[in-house]
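Trainee: I should like to understand the reasoning behind the terms applied to this structure. May I put some questions to you?

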Amino acid sequence: TQDLVESGGGSVEPGKSIVLSCRASERDAASYCMGWFRQAPGKEREGVAHIDGANVATYADSVKGRFTMSRDNAKNTLYLRLNSLKPEDTAMYYCAAQTVSPSCRDWSPSWYNYWGQGTQVTVSS
């Protein structure tokens, strides 16, 4: 079992930054694909970014150039830095893992097999 716990969310003004963390319970989290997703009220969950076992991160077009995903393998922790925040970035942010795949092969939430409970990011002035 891979337990994932997100933290770091909060209320942020547009244009500012915030860093989200996702702590994984298992050390082998460094070896497989992990992703960040977000879901706004009334909307479908969408992929934000993912990182593979080689630490190659890929971003959705909506956040490319603004968000940065990384992992600290020693801490079994995944990070997402959200820069230049916009109101449309407001959502619950979730981390996810696919524990049987070193590669990130699918943007669909259903492809991942473990999920955290989410952390809320609210962007407003």
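Trainee: Where is Asn55 found?

Mentor: The model is a predicted one. In it, Asn55 belongs to the loop between strand 5 (46-51) and strand 6 (57-59).

Trainee: What makes the backbone of Asn55 worth a remark?

Mentor: Asn55 is not a glycine, yet its phi is positive, at about 65 degrees. Most residues other than glycine have a negative phi. Asn76, also not a glycine, has a positive phi of about 50 degrees, and Asn76 is placed in the loop between strand 7 (67-72) and strand 8 (77-82).

Trainee: Why is Asn55 called partly exposed?

Mentor: Its relative accessible area is 42%. Partly exposed covers the range between the 20% and 50% limits, so Asn55, at 42%, is partly exposed.

Trainee: Why is Phe37 called buried?

Mentor: The limit for buried is under 20% relative accessible area. Phe37 has 1%, and therefore counts as buried. Phe37 lies in strand 4 (residues 33-39). Its C-alpha is 7.1 Å from that of Ala49, with the two positions 12 residues apart in sequence numbering.

Trainee: What makes strand 1 and strand 7 the edges of their sheet?

Mentor: Four strands form this open sheet, in the order 1-3-8-7, with antiparallel pairing. Strand 1 (4-7) and strand 7 each have a single partner strand, so one side of each is left without a neighbour in the sheet. On average, neighbouring strands of the sheet are turned by 15 degrees against each other, direction ignored.

Trainee: How do you know that strand 3 and strand 8 are paired?

Mentor: Pairing requires at least two bridges between two strands. Strand 3 (residues 18-24) and strand 8 are joined by six bridges and run antiparallel, so the requirement is met. Within this arrangement, Ser21 stands opposite Tyr79 in strand 8.

Trainee: Why is the contact between Asp61 and Lys64 called a salt bridge?

Mentor: The cut-off is a side-chain nitrogen of Lys or Arg within 4 Å of a carboxyl oxygen of Asp or Glu. The closest N and O atoms of Asp61 and Lys64 are 3.1 Å apart, so the pair qualifies. Asp61 is exposed, at 65% relative accessible area, and Lys64 is exposed as well, at 52%.

Trainee: What makes Glu13 and Lys16 a salt bridge, and how accessible are these residues?

Mentor: Their closest N and O atoms are 3.6 Å apart, which is within 4 Å and therefore satisfies the rule. Glu13 is partly exposed at 47%, and Lys16 is partly exposed at 45%.

Trainee: How many salt bridges does this rule give?

Mentor: The count comes to six. Among them is the one between Asp72 and Lys75, at 3.4 Å from N to O. Asp72 is partly exposed, with 23% relative accessible area, whereas Lys75 is exposed, with 52%. Salt bridges that share partners also join Arg38, Glu46, Arg66 and Asp89 into one network.

Trainee: Which residues line the largest cavity?

Mentor: The search finds one cavity of 30 Å³ or more, and the volume of the largest cavity is about 50 Å³. Its lining consists of Arg27, Ala29, Ala30, Met34, Arg71, Asp72, Asn73, Asn76, Thr77 and Leu78. The elements that give two or more residues to this lining are strand 7 and strand 8. By class, the lining has four nonpolar, three polar and three charged residues.

Notes
Residues are numbered from 1 along each chain as its sequence is written. This is a predicted model: local features need pLDDT of at least 70, side-chain atom pairs count only at pLDDT 80 or more; totals for chains, interfaces and linings use all residues. Side-chain values use heavy atoms; hydrogens and water are left out. Buried means under 20% relative accessible area, exposed over 50%, partly exposed in between (1.4 Å probe, protein chains only). Axes are lines fitted to C-alpha atoms, for helices over the stretch in contact, and angles run from 0 to 180 degrees between N-to-C directions. On a 1 Å grid over the protein atoms alone, a cavity is a set of points where a 1.4 Å probe fits but cannot get out, and a pocket is an open set with protein on both sides within 12 Å along at least five of seven lines; lining residues have an atom within 4 Å of a point. Grid points are joined across faces, edges and corners, and a volume is the space filled by probe spheres set on the points. Ala, Val, Leu, Ile, Met, Phe, Trp, Tyr, Cys and Pro count as nonpolar, Asp, Glu, Lys and Arg as charged, and the others, Gly among them, as polar.
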